[in-house]
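Hello,

Here is the structure I promised to hand over. Please open it first, then read my notes beside it.

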Amino acid sequence: MNLHRKLAVIPFQERAFVEGTLEQIGDEWIFFDEINEEAFDLGELSVELEVFLKGMWMKGIIIDNSLLYIENDFHYFKDGDRIRYKKNLTHSFKKLIEELSEESYMSFVETLNSLSYSLYDCVFCNNFLDLLQMRQAKEGMNVIIFDNEEQICVVQHYFSRHSDNKIEDRFEFALSDGKRIIGSFIS
């Protein structure tokens, strides 16, 4: 299962979006991130945005700096529009997700979510597995760090991949409050 399908299997993840409001200053549209209290020029954001209209989030594509194309319609930005865009996962974390079997991935995400973390809380991923692509046998450990704004979770991912298609994944979740969970998957 590729990355897009894996992310679609679990469509709702806490903190997957950066939300804020738009304000026109001169000829520029400025996005104000409410949580991090930062401001960005609208042109610096993702081309795909969602705007809150009629009580729901509607996905669209920016046509120019003042226009959003939404399902055969156009929305002209106005001061105070609530918009959001999806956070990006780090390149190394995306590559790691792609390497996991469907069962390992699902269990990993379910455990992560049960600890009140989201895939989009990933702040660091050391993907050693990706560096071993040219080897027949791949063994080692990855380190992934998550921050849900309340505490930190460090995940050690021990992996083993062999030419006989034997795949082993073991995840050790350690939270900053001392709580730990270990899960192993063999296929």
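**Strands side by side**

Ile62 stands opposite Leu68 in strand β6. Keep in mind that this is a predicted model. That pair belongs to a contact between β5 and β6 (residues 67-70), which run antiparallel and are joined by 3 bridges. The two strands form a hairpin, with 2 residues between them.

Now look at the other neighbour of β5. Strand β4 (residues 48-53) is joined to β5 (residues 56-64) by 6 bridges, and the two run antiparallel. One pair to find is Glu50 and its bridge partner in β5, Lys59. β4 and β5 also form a hairpin with 2 residues between them. In that turn, Lys54 has a positive phi of about 55 degrees.

There is a further hairpin earlier in the chain. Strands β2 (residues 28-33) and β3 (residues 38-41) pair in the antiparallel sense, over 4 bridges. Asp33 has Glu38 in β3 as its bridge partner. This hairpin has 4 residues between its strands. Glu37 sits in the turn, with a positive phi of about 50 degrees.

As you trace these strands, one rule helps. In a regular strand, side chains alternate between the two faces of the sheet.

**The whole protein**

Step back for a moment. The protein has 4 helices and 13 strands. Its C-alpha atoms fill a box of roughly 60 × 35 × 25 Å along the principal axes. Of the 187 residues, 39% are buried.

How much of the accessible surface belongs to carbon and sulfur atoms? The share is 49%, out of a surface of about 10,900 Å².

Charge comes next. There are 19 positive and 34 negative side chains. The centres of the two sets lie 9 Å apart.

Contacts also reach along the chain. Take those between residues at least 6 apart in sequence: 46% of them join residues at least 24 apart.

**Helix α2**

Which residues of helix α2 are buried? They are Phe93, Leu96 and Ile97, in a helix that covers residues 91-99. These three cover an arc of only 100 degrees around the axis, so they lie on the same side of α2.

Several elements cover those buried residues. Among the helices are α1 (3-9), α3 (102-114) and α4 (128-131). The strands include β9 (122-126), β10 (138-147) and β11 (152-161).

**Two buried loop residues**

Loops can hold buried residues too, as two cases here show.

Start with Ala16. It is found in the loop between α1 and β1 (17-25). Is Ala16 buried or exposed? Ala16 is buried, because its relative accessible area is 5% and the cut-off for buried is under 20%. Look for its contacts, leaving out residues up to four places away in sequence. Ala16 then touches Tyr85, Lys86, Lys87 and Tyr120. Leu89 is worth finding as well. Ala16 and Leu89 are 73 residues apart in sequence, yet their C-alpha atoms are 9.5 Å apart in space.

Next comes Phe77. It is found in the loop between β7 (73-76) and β8 (82-86). Phe77 is buried, with a relative accessible area of 6%. What is Phe77 in contact with, leaving aside its neighbours within four places in sequence? The residues are Leu22, Trp29, Leu42, Leu49, Asn65, Ser66, Leu67, Leu68 and Ile83. You have met Leu68 already: it stands opposite Ile62. Leu67 is 10 residues from Phe77 in sequence, and 6.0 Å away from C-alpha to C-alpha.

**Two loop residues with positive phi**

Most residues other than glycine have a negative phi. Two more residues to check go the other way.

Glu71 has a phi near 35 degrees, a positive value in a residue other than glycine. Its place is in the loop between β6 and β7. Glu71 is exposed, with a relative accessible area of 67%.

Glu149 is not a glycine either, but its phi is positive, at about 75 degrees. You will find Glu149 in the loop between β10 and β11. Glu149 is exposed, with a relative accessible area of 56%.

Best wishes

Terms used. Residues are numbered from 1 along each chain as its sequence is written. This is a predicted model: local features need pLDDT of at least 70, side-chain atom pairs count only at pLDDT 80 or more; totals for chains, interfaces and linings use all residues. Side-chain values use heavy atoms; hydrogens and water are left out. Buried means under 20% relative accessible area, exposed over 50%, partly exposed in between (1.4 Å probe, protein chains only). Contact means heavy atoms within 4.5 Å. Accessible areas come from the Shrake-Rupley method with a 1.4 Å probe; for residues, only the protein chains shown count as cover. Lys and Arg count as positive and Asp and Glu as negative; His and the chain ends are not counted. The place of a charge is taken as NZ of Lys, CZ of Arg, CG of Asp or CD of Glu. The arc is that of the directions from the helix axis to the C-beta atoms. Two strands pair if DSSP finds at least two bridges between them.
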